Amino acid sequence: MPQLCSIEQAVERVLREIEGPIHLGLPLGLGKPNRWVNALYARIRQLPERELTIYTALCLGRPRAEQGLQRRFLEPFVDRVYGDYPELDFLADLHGDSLPANVRIEQFFLQPGSLLDSAPAQQEYTSSNYSHVARDINAKGLNVVAQLVARDASRPEHFSLSCNPDITLDLLPLLQARRDAGETILSLAQVHDGLPYMGGTAELPRETFDLQLQEVESSTLFSTPNMPVSIQDHCIGLHASSLVRDGGTLQIGIGAMGDALSAALLARQADNAAYQALLDDLQGGSRPEAVVALGGLQPFAEGLYGCSEMFVGGLLALAEAGIVRRTVYPDLQVQRLADAGALDARGQPRSVQALLDAGVPERLEADTLAWLQGAGLLDANLTLQGEHLLLPTDQQTSTDLSDPLSQAALKDYLTPAHGGVLLHGGFFLGPRAFYQRLRELSREQRDRYGMTGIAFINELHGEEELKRLQRRDARFVNTVFTVTLLGAAVADQLEDGRVLSGVGGQYNFVAQAHALPGARSILLLRSWRETAGQASSNIVWDYGHVTIPRHLRDMVVTEYGIADLRGKTDTEVIQALLGISDSRFQPALIEQAIQAGKLPPGFRLDPRYTDNTPERLQAIAAQHGALFEEYPLGSDFDDEEQALLRALSWLKSKFKLSEALELGKATLEAPAPEAFPAHLRRMQLEQPSGLREELYQRLLLAGLQATAR
């Protein structure tokens, strides 16, 4: 069992037992024991002779705004939602470029956009596929790991890795091999009672850890509130939802576009007539070839299996709605039975004959009986006696399973297979309500969500036959911020080399989509963006960096439709992407392609695609308002905050806040304060003091009026 110790005692033991540099591994995102990390970091700052390198990703900090209206909006919200969440002290030093000389922080994924201007974060970023991280940090001499865990009173000898089995499970055998070779490696667990106890492979014996922090008061878990889903995002999600095949496999990335996809799938199931009518309007009354060949529009009769490195709130919502419900099994032979249709929705054999039809031997030998019972398919109380099978009632039946009498006798002893799950995830992070819903599930219900190592989810090698059976008709759906007209995609890094976030597992899933029969990679893209009143295309001729090279191009979805790029010539790829680009930018893109010799002179785009405008989508949304909810998966923002967030986003997109003429025009058109009294109180602007606050009030009123619903 691990040694119980205080935070300071755990720091002392690490300093005492680890000779030389300390190489500390921390989970991505939620699973970091921040208070202990802060204590270790504080000690190392005082010991310049000791070196500390921290290997991690997604170091989570509260949302911040420098000044002005955004700060007035954020501070009360942050206080309410993040409470006493203890931030990592080294994160502030990363932002301030003030890390001590004896400390390095190596991350393979950054909190998106948060560290663009941090020199140490940019210099120490490691570009690795998610599935390679365990290998890479082990090779760097990792000698301490620390993690938040969950506990369950009914499982006193175990901990659950809960939100973060992702890299830990892949690391453990690598670390054990080094321990067996004589290296000193310490592992530390801190229990957090707010974490849901996830079973299966996420559950480990307590003796896996060397140290356990004594009762540390559980602080607020970091959460990621659902952000508003725009009309643009909803349209992207709707198009993508038509590519998802019933009975298939689904992976979804984080963010508003992923939420939009979840909302569209929920609509496809719950209100199919309205869903199809909306798609008719969006797709001009004719179904894209890709939808007919690959997807579907009907409700889900068989359901989906979820296989996603991040277990997002949208996947939980889909499971609660009965859409994610196709069960997969850890035993290869059981999975073969499931794929052959021999098992019902609960995993129980439909009949003895169904087992025979799926390949189970007719003669029930000892090894077959042991396997059937071990897999949970037959009652454990059945025993062999020579040529007969003894039932719990002391009756006997033949071991010939083709015998109708044996089939009838065994009918009541068929039982559901063990270990079935409807979703595999590597880590989770989400809104507060997401954690609460997981905690409120029964243990049996929670075990249907299989949190496991990232190598299992993001790669095919290792149990490859099992994975191929499970991941049929897979749709791996991720987001990008730029696509080139030749099909390369950008998701992690700006042209100037600064890292926005990271590669994560995106390449893993693109590679899987090309390796699995029937699978497709679907990249979601907003075709355009607006900053300070200036619109620009996110489909460009070229870009100085790519995340997914063009030879792995597959499917791209924007608010204007679906581009199937797999196996297409350059000219065909260009034409497909022009068809889903915003019409304001099509002429310039066409001219660039002609100049490069990739389109013939005088090329004309099919007129079907020349009305790709926000105004057309807004008109469609107005006709189908019920399917364009701003927060389809719920919100931590109250009604006033939702309105304020719309207003602030509008102001940011429309105005350069340094340009007096634009600001003056906005303030002149603002309504009277009496129009939005509650919103002004929330922002402490009901009685502005001085010219600055008067300007803030007028700007806010202009934004509220422009975005009122």
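Q: A polar contact is a pair of N or O atoms within 3.5 Å; within protein, one must be able to donate a hydrogen and the other to accept it, and residues adjacent in sequence count only if both atoms are side-chain atoms. What makes a polar contact at the start of H13?
A: A side-chain oxygen of Asp-331 comes to within 2.9 Å of the backbone nitrogen of Gln-333, and a polar contact needs N or O atoms within 3.5 Å, so the pair is called one. The model is predicted: local features need pLDDT of at least 70 and side-chain atom pairs 80 or more, while totals for chains, interfaces and linings use all residues. Numbering starts from 1 along each chain as its sequence is written, and side-chain values use heavy atoms, without hydrogens and water.

Q: How do you know which face of H13 is buried?
A: Helix H13 covers residues 332–339, and its buried residues are Val-334, Gln-335 and Leu-337. Seen down the axis, they fall within an arc of 155°, so they line one face of the helix. The arc is taken from the directions between the helix axis and the C-beta atoms. Among the elements that cover these residues are helices H14 (352–357), H15 (366–374) and H20 (464–470). Just after H13, Gly-341 has a positive phi of about 85°.

Q: Why is Ala-519 called buried?
A: Buried means under 20% relative accessible area (over 50% is exposed, in between is partly exposed; 1.4 Å probe, protein chains only). Ala-519 has 1% relative accessibility, so it counts as buried. This residue sits in the loop between helix H21 (506–515) and strand S20 (520–524). Leaving aside neighbours within four places in sequence, its contacts (heavy atoms within 4.5 Å) are Ala-474, Arg-475, Phe-476, Gln-512, Ala-513 and Arg-566.

Q: What makes S7 a mostly covered strand?
A: Strand S7 spans residues 186–191, and 6 of its 6 residues are buried. Leu-186, Leu-188 and Gln-190 point one way, Ser-187, Ala-189 and Val-191 the other, and all are buried. Helices and strands here are DSSP runs, numbered from the N terminus (H or I over at least four residues, E over at least two).

Q: How do you know that S7 pairs with S5?
A: Two strands pair if DSSP finds at least two bridges between them. S5 (residues 144–149) and S7 share 6 bridges in the parallel sense, one of them between Leu-148 and Gln-190. S7 and S9 (residues 211–213) are parallel too and joined by 2 bridges; there, Leu-188 has Leu-211 as its bridge partner.

Q: How many aromatic pairs does the structure hold, and why is that of Phe-77 and Phe-637 called stacked?
A: There are 17 aromatic pairs. The ring centres of Phe-77 and Phe-637 lie 4.4 Å apart and their planes are at 20°, so the pair is stacked. Rings of Phe, Tyr and Trp (its six-membered ring) pair with centres within 6.5 Å, planes under 30 degrees apart being stacked, over 60 edge-to-face and the rest tilted. Phe-77 lies in helix H3 (residues 68–82) and Phe-637 in the loop between helices H24 (614–623) and H25 (639–654), so the pair ties together parts 560 residues apart in sequence. Phe-77 is buried at 2% relative accessible area, and Phe-637 is buried at 7%.

Q: What makes the pair of Phe-311 and Phe-428 edge-to-face?
A: The planes of Phe-311 and Phe-428 are at 85°, with 6.5 Å centre to centre; an angle over 60 degrees counts as edge-to-face, so the name applies. Phe-311 is in strand S11 (residues 305–311) and Phe-428 in strand S15 (residues 423–428), 117 residues apart. Both are buried, and they form one aromatic cluster with Phe-434, Tyr-435 and Tyr-449.
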